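New to this one? Here is a quick, friendly tour to read alongside the sequence and the 3D view.

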Amino acid sequence: MAASSRAQVLDLYRAMLRESKRFGAYSYRTYAIRRIRDAFRENKNVKDPAEIQALVNKAKRDLGIIRRQHHVGS
Amino acid sequence: MLLRTAWRRVATAAPAAPGPRAKAPTRGLRLRGIDLTPQSAVPSDAATALEAESVLRPLYMDVQATTPLDPRVLDAMLPYLVNYYGNPHSRTHAYGWESEAAMECARQQVASLIGADPREIIFTSGATESNNIAIKGVARFYRSRKKHLITTQTEHKCVLDSCRSLEAEGFKVTYLPVKKSGIIDLKELEAAIQPDTSLVSVMTVNNEIGVKQPIKEIGQICSSRKVYFHTDAAQAVGKIPLDVNDMKIDLMSISGHKIYGPKGVGAIYIRRRPRVRVEALQSGGGQERGMRSGTVPTPLVVGLGAACEVAQQEMEYDHKRISKLAERLIQKIMKSLPDVVMNGDPEHHYPGCINLSFAYVEGESLLMALKDVALSSGSACTSASLEPSYVLRAIGTDEDLAHSSIRFGIGRFTTEEEVDYTVEKCIHHVKRLREMSPLWEMVQDGIDLKSIKWTQH
């Protein structure tokens, strides 16, 4: 299986930001958007494919967390 | 490609959620009324949803009192509140085994944050219980040979109260004074250690003034004099790097709800090499190596473990951000207002806890004026009384400055807008209150307040 492509990473980034904007609580919403932006920016120059895959997996898990939180927090 | 169209469908569906996002940037920054009814009820239709959203709540700037749950922590806890509800001490079925596995995983997470072995972590109901176990447990175990303890005057109430109850049992306690900076004098500590001292207890980061004690040096002194060293690290764990072996700490108290974890859980680190013996306070079925009997609350400890893991990953990022926000707050206030004193050493200081004294302004009236910001003028434990905090008295603050102190707490979720709003309101109200103050008038006229002879009637 090919390692995550640039397009996939960008899709993930957009999806995470979209989901974060749905948080009802001001603190969580601002934190999620800020942290996601800073984390993707910080890791943008990572070259090692194994490391990239690990980061992408972590991001997918965090995206799942954000989605579940919407059901809890309302 | 199918995946991408699925994303697009989800994205177009999202704006159908009720309107709070449209008001996003201004929410929480203006208080229109405090709704005392709990907001947990799910609104039945869009109209009531909007109504519920329009009741805003104060900004939260009191992270030393408690912190909100991090969403990642709540996510880790939920399965153990819903499906995996077994007792971790049940050894005969899968419910027990899975709870036990989660508990041990959490233990490993807490241990790795402080550089300890998982067998050295005991789960308790919070830092207060941990402090009680550490102080009373160690003192009572070694009571036949050692009858002396040392602590500081700026410790948390639970430590001071435990020491006081031990004094009633016949122990002797030395309460070390602190310098004006809030830091203890290491020479005084060395002089206070006697041959029959069993324990020295000094907190890592003070919850009222944010001062960092020289833990490494104290650990060095204690280990060289063969005295156990306990530190209440409730405000420090997960915020500054701590290593129990590097700093020669024998006992450490950890609190869950100070590091974005759940309330009602904490832990105590008890060193095994060399072994620290502790007399158990709570008798029962021998759980937690006999040191703290009682069923371990799996969802809470899973939350504590998750909070510790998140804190370990986010420590550097949070510290950098909080330092920047703290710098911004202090600079802005000091630039616009004269006669503001920051309590505590400016160098050995955790940036997220800022205690400022505004001269010629009464602290309670400033707190009431800043009603749309949740602040405190001391610790939550002492907020019920009108006395100025004993910590401020211990660092030698004048009575009038001690009464006018406010503690600003900056945490992981604090935004720049919240800091700016707080600063703006604070400056506005301090100026307004000073205009009304006769003391301020006298100072402006050049009268030295200390030279006034107030008449007695």
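**Charged pairs and other landmarks**

B:Asp196 has a relative accessibility of 22%, so it counts as partly exposed. Keep in mind that you're looking at a predicted model. The tour starts with that aspartate and its partner, then moves on to other salt bridges, chain A as a whole, a charged patch and a few backbone oddities.

**The pair around B:Asp196**

- B:Asp196 makes a salt bridge with B:Lys172, and their closest N and O atoms sit 3.8 Å apart.
- B:Asp196 is in the loop between α7 (186-192) and β5 (197-201) of chain B, while B:Lys172 belongs to strand β4 (residues 172-176), so this pair ties together parts that are 24 residues apart in sequence.
- B:Lys172 is partly exposed as well, at 45% relative accessibility.

**Other salt bridges**

- One set of salt bridges shares partners and links A:Arg35, B:Asp70, B:Arg72, B:Glu314, B:Asp318 and B:Arg412 into one network.
- Why might such pairs form? Side chains of opposite charge can pair when their charged atoms come close.
- How many salt bridges turn up over all chains? A search of the whole structure comes back with 25.
- In chain A, A:Arg22 and A:Glu19 form a salt bridge, with 3.2 Å between the closest N and O atoms.
- A:Glu19 is buried at 5% relative accessibility, whereas A:Arg22 is partly exposed at 35%.
- Over in chain B, the side chains of B:Glu100 and B:Arg91 meet in a salt bridge, at 3.4 Å from N to O.
- B:Arg91 is exposed, with a relative accessible area of 61%, while B:Glu100 is partly exposed at 23%.

**Chain A at a glance**

- Chain A has three helices and zero strands, so there's little to memorise: its pattern along the sequence is α-α-α.
- The C-alpha trace of chain A spans about 40 × 25 × 15 Å along its principal axes.
- Chain A has 74 residues, and 36% of them count as buried.
- Take the contacts in chain A between residues at least 6 apart in sequence: 64% of them join residues at least 24 apart.
- The accessible surface of chain A is about 4500 Å², and carbon and sulfur atoms account for 56% of that.
- Chain A carries 17 positive and 7 negative charges, and the mean positions of the two sets are 6 Å apart.

**A busy loop in chain B**

- Which residues gather in a patch of positive charge on the surface? They are B:Arg273, B:Arg275, B:Arg277 and B:Arg289.
- B:Arg275 is in the loop between β8 (266-270) and α9 (298-336) of chain B, and its relative accessible area of 48% makes it partly exposed.
- B:Pro274 is also found in the loop between β8 and α9, and a cis peptide bond joins B:Arg273 to B:Pro274, with omega at about 0°.
- B:Glu288 is another residue found in the loop between β8 and α9 of chain B.
- B:Glu288 isn't a glycine, yet it has a positive phi of about 55°.
- Is B:Glu288 buried or exposed? At 7% relative accessibility, B:Glu288 counts as buried.

**One more unusual phi**

- B:Tyr360 has a positive phi of about 70°, although it is not a glycine.
- You'll find B:Tyr360 in the loop between β10 (353-358) and α10 (363-369) of chain B.
- With a relative accessible area of 25%, B:Tyr360 is partly exposed.

Conventions. Residues numbered from 1 in each chain as written. Chains lettered and ligands numbered in written order. Predicted model: local features only at pLDDT ≥ 70, side-chain atom pairs only at ≥ 80, totals over all residues. Heavy atoms only, no water. Patch = residues over 30% accessible without salt bridge, like charges linked within 9 Å, V, L, I, M, F, W, Y side chains within 5 Å. Areas by Shrake-Rupley, 256 points an atom, 1.4 Å probe, with all protein chains shown as cover. Salt bridge = Lys/Arg side-chain N within 4 Å of Asp/Glu carboxyl O. Lys, Arg positive; Asp, Glu negative; His and termini not counted. Charge placed at Lys NZ, Arg CZ, Asp CG, Glu CD. Helix = DSSP H or I, 4+ residues; strand = E, 2+ residues; numbered from the N terminus. Buried < 20%, exposed > 50% of the residue type's maximum accessible area, 1.4 Å probe, protein only. Contact = heavy atoms within 4.5 Å.
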